[in-house]
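Let us take a friendly walk through a protein model, one stop at a time. Keep the picture beside you and look for each place as we reach it.

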Amino acid sequence: MIEIKNYINGELLKSSNKNNLDIFNPSIGKIYAQCPNSSEKDLETAITSSEKAFLKWSRLKQIDRSQFLLKIASLIECNLDEFAKAESMDNGKPLKLSQSLDIPRSIKNLKFFATIANDLETESFTQRKVKSHILRQPLGIVGTISPWNLPLYLFTWKIAPALVVGNCVIAKPSEITPYSAYLFSKICIEANLPKGVLNVLHGSGKVIGRKIVNHKKIKAISFTGGTDTGKEIAKKASNHLKKISLEMGGKNPVIIFDDCNYNQMINSLIKSSFLNQGQICLSGSRIYIQETIYNKFKKDFIAKTKKLRIGDPFNKNTDQGAIVSEEHLNKILNYIKYAKEEGGKIILGGNIPKVDSKLSSGWYFTPTVIENLSQKSKLNKEEIFGPVVTLNKFKDSEDAIKMANDNDYGLASIIWTDDPNKANKLAERLESGLVWINCWLERDLRTPFGGIKNSGYGKEGGKYAIDFFTESKNICIKYYD
Ligand code: NDP
């Protein structure tokens, strides 16, 4: 049994209340670790250490703070396989995905923010004999709260910009997937990161997550997770007028025109539908197909989806690993029930697959394709966050845009067409924070990232994250003759 510990004041510690949570390996449905269910006392110890650390960390030269991030990145790089195995055991995702996406991207996050902060120009304005110089200053202690679907990737995406500009961070990973953040804590010790600069508190969102959000000494909350949680955080954070950045759920439309590059589209669509078992906020779960190619598309898409191999995340041939938890699997199963009640036709999947006997207590779900649902169906309205997509027909651009925008979420949209004029016009009218044309999951880390409507409040990425984690101060000097 692995014992995961908090990282407080530079040390790996058990929770002060000795209260632990069981951590499961979803591929076999068994407990493999325990992690602290942190208490208020743990948070207070972390706050005291961060307050002390902030005095020195915030005054270090930016380049020196960057060096720590680069050192941590290079130590993760040296231990990439260990991190990748931890992520797959904790989350159930195929090892090849952890090795090629999660851990490399975590390293990239650290390296990217280590360098971008040094490149940012400071602004100054001159008006007659008055000069205003804008200073970016760290906020103090900030809280980051991250989800289970891309554990280390989203953990580092938040802490890297926060730390590099001089904040101290209290980070809470998901209680479902704490392992890679624990390994990260060990790496911070190896990298001699000063005590208290980063504190990692494990435990339940409803306990320690809420305490972090409510603590008056924590100046900002950067959150990624579900929309209901985000809304609760927004309400609570307003008591102290905290800065908040909320990256939340999505129900992303994919619009496929008959003039698209068909092979590229189908290959990409398999990924945007089912990569990470569909547990990516940016997955395309509502697929709109121009009616002229609907039948051919359906046949080809089903044939290709059937080829996905489901099973042991540690087998290099596996395309679809396990669903993260039993609770989440049950949520997906409920949506299949709704689909049937709403008259949907399940044309592929919708069931628990047969897997190797050693995995029989694990949580698996077959990639599922459903058609014949109305736009009002729960399956076209609500985020399922699993390997389930709906197929819907459209006639022309107007029809497509109306259906795509008919949703409370607005994270990402995907368009497939070879007509750039049509694509651009559509992209301008789509209600989402990000529109991909003829691609999916292409990310330039300098660009703003975040949804609109119920998907996001504030932007992350590049200078947008730096803006969030700093306060701009205007120092105005008048010169006399
Ligand atoms: P949750 O909202 O349940 O949890 C996210 C994090 O918040 C976890 O660390 C959780 O802790 C914590 N938390 C839960 N309740 C509270 C609370 N009341 N106060 C403070 N913290 C709390 O989301 P999931 O972990 O289920 O993640 C899936 C969701 O994340 C999906 O909706 C997905 O779309 C979204 N997501 C959005 C992304 C984006 O960039 N827009 C990217 C990735 C995912 P605990 O684990 O203990 O519950």
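Our walk starts at Ala404, a residue found in helix α13. Is Ala404 buried or exposed? Its relative accessibility is 5%, and because buried means under 20%, Ala404 counts as buried. From here you can look across to Ser273: the two C-alpha atoms are 16 Å apart in space, while 131 residues separate Ala404 and Ser273 in sequence. Before going further, please keep in mind that this is a predicted model.

Stay around helix α13 for a moment, and look at what comes after the helix. Asp406 sits in the loop between α13 (397-405) and β18 (409-410). Which residue does Asp406 meet in a salt bridge? The partner is Lys381, and the N to O distance between the two side chains is 3.2 Å. This pair links distant parts of the chain, as Lys381 belongs to helix α12 (residues 378-381) and the two residues are 25 apart. Both ends of the bridge are partly exposed: Lys381 has a relative accessibility of 26%, and Asp406 has one of 35%.

A general idea helps here: side chains of opposite charge can pair when their charged atoms come close. Another example involves Glu382 and Lys378, whose side chains form a salt bridge with 3.9 Å from N to O. Glu382 counts as partly exposed at 29% relative accessibility, and Lys378 is partly exposed too, with 30%.

Further along the chain, Asp444 forms a salt bridge with Arg446, and here the closest N and O atoms are 2.7 Å apart. How do the two partners sit with respect to the surface? Asp444 is partly exposed, with a relative accessible area of 33%. Arg446 reaches 57%, and since exposed means over 50%, Arg446 counts as exposed. Salt bridges can also join into a network, as they do among Lys96, Arg309 and Asp319. The count for the model comes to 22 salt bridges.

Now let us turn to the ligand. How many residues surround the ligand? There are 31 of them, and the closest are Glu175, Gly205, Thr229, Met248 and Glu383. By type, the shell divides into 12 nonpolar, 13 polar and 6 charged residues.

Several contacts to oxygen atoms of the ligand are worth finding on the screen. Ser146 takes part through its backbone, with an N or O atom 2.7 Å from a ligand oxygen. Trp148 uses its side chain instead, where a polar atom lies 2.9 Å from an oxygen atom of the ligand. In Lys172, an N or O atom of the side chain is 3.0 Å from a ligand oxygen. How much of the ligand does the protein cover? On its own the ligand has 900 Å² of accessible area, and the protein covers 90% of this. If you trace the surrounding shell back to elements of the fold, α7 (205-214), β11 (218-224) and α8 (227-238) are the ones that give two or more residues to it.

Next, move to the early part of the chain. Phe24 lies in strand β4 (residues 20-25), and it is partly exposed, with a relative accessible area of 34%. Together with Met1 and Ile31, Phe24 forms a nonpolar patch on the surface, and the three share about 310 Å² of accessible area. Asn25 has its place in strand β4 as well, yet Asn25 is buried, at 7% relative accessible area. What does the side chain of Asn25 contact? It makes a polar contact with the side chain of Ser27, at 2.8 Å.

Our last stops are two loops where the backbone is worth a look. Asn9 lies in the loop between β2 (6-8) and β3 (11-13). Its phi angle is near 50 degrees, a positive value in a residue other than glycine. Asn9 is partly exposed, with 29% relative accessibility. Gln277, found in the loop between α9 (262-274) and β14 (284-290), also has a positive phi, near 60 degrees. Is Gln277 buried or exposed? With 1% relative accessibility, Gln277 counts as buried.

Definitions and conventions. Residues are numbered from 1 along each chain as its sequence is written. This is a predicted model: local features need pLDDT of at least 70, side-chain atom pairs count only at pLDDT 80 or more; totals for chains, interfaces and linings use all residues. Side-chain values use heavy atoms; hydrogens and water are left out. A residue is near a molecule or strand if one of its heavy atoms lies within 4 Å of it. A polar contact is a pair of N or O atoms within 3.5 Å; within protein, one must be able to donate a hydrogen and the other to accept it, and residues adjacent in sequence count only if both atoms are side-chain atoms. Accessible areas come from the Shrake-Rupley method with a 1.4 Å probe; for residues, only the protein chains shown count as cover. Helices (H or I, at least four residues) and strands (E, at least two) are DSSP runs, numbered from the N terminus. Ala, Val, Leu, Ile, Met, Phe, Trp, Tyr, Cys and Pro count as nonpolar, Asp, Glu, Lys and Arg as charged, and the others, Gly among them, as polar. A salt bridge is a side-chain nitrogen of Lys or Arg within 4 Å of a carboxyl oxygen of Asp or Glu. Buried means under 20% relative accessible area, exposed over 50%, partly exposed in between (1.4 Å probe, protein chains only). Patches are made of residues with over 30% relative accessible area and no salt bridge: like charges are joined within 9 Å, nonpolar side chains (Val, Leu, Ile, Met, Phe, Trp, Tyr) within 5 Å.
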